[in-house]
Amino acid sequence: MEPITTNISSRHFEQAAIDKGLSVTRSRKSLIISDGKSQVKVSNSLIGKQSPLTKVFNKKGASKLLLKTLGANVLEGYLFNAEERGRALAYAESLGWPVVIKPDDENKGRSVYVNVEGEDAFLTYFDRVAERYGTAFVEKQCEFATEYRFYCAGGRVLAVTRRVPANVVGDGISSVASLVKAKNRLKKERRYPRIKLDDEVARVLDKQGLSMDSVPDKGRTVPLRSTSNISTGGDSVEVMETIHPSYIEAVEAVFARLPDTFIAGFDVFIREMHEPASDSNWFICEVNRRPAVRMHIFPWEGEPKNIGKEIMEMLF
Ligand SMILES: Nc1ncnc2c1ncn2[C@@H]1O[C@H](COP(=O)(O)OP(=O)(O)O)[C@@H](O)[C@H]1O
Ligand SMILES: [Mg+2]
């Protein structure tokens, strides 16, 4: 039997179902997987039941409150109206510079400003977000910005991927521009989103005293963005086997408090993944209701995870 869907996640689930001898039928935009007794719906990245409460995770302001209620470690953050720039500035000052400013309900790192420091920069980026979205979310910046995606299903963590912001590694001969070109060719070959070149890249290079024409030393990793989304060219590295198991337990504990939800993707900042979790060395950045499987089944580096196979074992 040939898979009938094209979205990477649903195709992966579909293939896993076919491999297990289950039946797959299409119903409008979703797939129904069945063993003749019970059935499970797949719609793009979403599989299984999901509490309506998780809709809150589409909004960063409300999400923060729910996560706090669930007892999760989170960074301080608050949502402001466009007219509240004075209050927002006072709040940012109370958090301490730098801060992060982002839209309440966007995703994929769109309009997220990291490393915002001082009144002028704050008001510039606050207005930029607030004018476009009507509100702006101001958050304490995590000083250890290494981020991990925990793919959770059926109460368990099935994969942990380290998300590294878009970067190039110097060879002592090539300019940043040509290193980016080469890396983007590789990204294209492996069907990964390419590194987007925009103001943010120029800003991040400038902070390191570099430009697109600089030639980084051999072996030097040059970060190109301050956000780690894979969709803007970040790398995914599978670390489930090497991360300290206490983080897996901690994320599973938060996940267990989300009733009636089969899958979720937790984005977590971790100071040092080999050290055990404490109250102050990890924070949940956000929860994704429809976590894509691609970064786990085709990691840029590390052991691929067969998420679909494990999920079919759980469900049937
Ligand atoms: N408080 C923060 N401290 C440090 N980095 C952050 C913070 N918030 C966001 N980022 C960076 O920006 C990225 C996008 O922010 P996120 O809140 O996940 O928005 P989106 O929903 O657009 O992905 C994160 O993956 C992370 O790399
Ligand atoms: Mg995100």
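These legends accompany an overview and several close-up views of a predicted model.

**Figure 1. The whole chain, shown with its four assigned domains.** Let us start with the full picture. The protein holds 9 helices and 15 strands, and its C-alpha trace spans about 60 × 50 × 40 Å along the principal axes. The radius of gyration is 21 Å, which agrees with the value near 20 Å that a compact globule of 316 residues would have. Buried residues account for 36% of the 316 residues. Among contacts with a separation of 6 or more, 69% link residues 24 or more positions apart. Domain 1 covers 8–47, domain 3 covers 76–140 and domain 4 covers 170–205. Domain 2 is assembled from the segments 52–56, 144–163 and 237–315.

**Figure 2. The surroundings of ligand 1.** Here we zoom in on the 21 residues that surround ligand 1. V100, N107, C142, T227 and S228 are the closest of them. Two elements, β6 (99–102) and β15 (282–288), each give two or more residues to this shell. By class, the shell has 8 charged, 7 nonpolar and 6 polar residues. Domain 2 and domain 3 each supply at least three residues to the shell.

**Figure 3. The largest nonpolar core.** Nonpolar side chains tend to be buried together in soluble globular proteins. In this view, 44 residues form the core, and F150, C152, V251, V268 and I284 touch the most other members. Strand β14 (residues 263–270) provides the largest share, 6 residues. The core takes at least three residues from domain 1 and at least three from domain 2.

**Figure 4. A closer look at V268 and its contacts.** Leaving aside residues up to four places away in sequence, V268 touches E147, Y148 and F150. V251 is also among its partners, as is the run W282, F283, I284 and C285. V268, F150, V251 and I284 are all named among the core members that touch the most others.

**Figure 5. A second core, apart from the largest one.** This separate core has 18 residues, including L79, A92, A130 and F137.

**Figure 6. Where domain 1 meets domain 2.** The C-alpha centres of these two domains lie 22 Å apart. Each side brings 14 residues to the contact. On the domain 1 side, α1 (8–19) and β4 (46–47) are the elements that give two or more residues. Helix α1 gives the most, with 7 residues. The domain 1 side comprises 8 nonpolar, 5 polar and 1 charged residues.

**Figure 7. The cis peptide bond between W97 and P98.** Some backbone details deserve a friendly second glance. Most residues other than glycine have a negative phi, and most peptide bonds are trans. The bond joining W97 and P98 is cis, with omega about -10 degrees. P98 sits in the loop between α3 (85–95) and β6.

**Figure 8. Positive phi at N44 and K108.** Neither residue is a glycine, yet N44 has a phi of about 50 degrees and K108 one of about 55 degrees. N44 belongs to the loop between β3 (39–43) and β4, while K108 lies in the loop between β6 and β7 (113–116). N44 counts as partly exposed because it has 17 C-beta neighbours inside 10 Å. K108 has 11 other C-beta atoms within 10 Å, so K108 is exposed.

Key
Residues numbered from 1 in each chain as written. Chains lettered and ligands numbered in written order. Predicted model: local features only at pLDDT ≥ 70, side-chain atom pairs only at ≥ 80, totals over all residues. Near = placed C-beta within 6 Å. Helix = DSSP H or I, 4+ residues; strand = E, 2+ residues; numbered from the N terminus. Nonpolar A, V, L, I, M, F, W, Y, C, P; charged D, E, K, R; others polar. Domains from an automatic or database assignment. Core = buried A, V, L, I, M, F, W, Y, C linked by C-beta atoms within 7 Å. Buried ≥ 20, exposed ≤ 12 C-beta atoms within 10 Å, placed from the backbone. Contact = placed C-beta atoms within 7 Å. Rg over C-alpha atoms; globule rule 2.2 N^0.38 Å.
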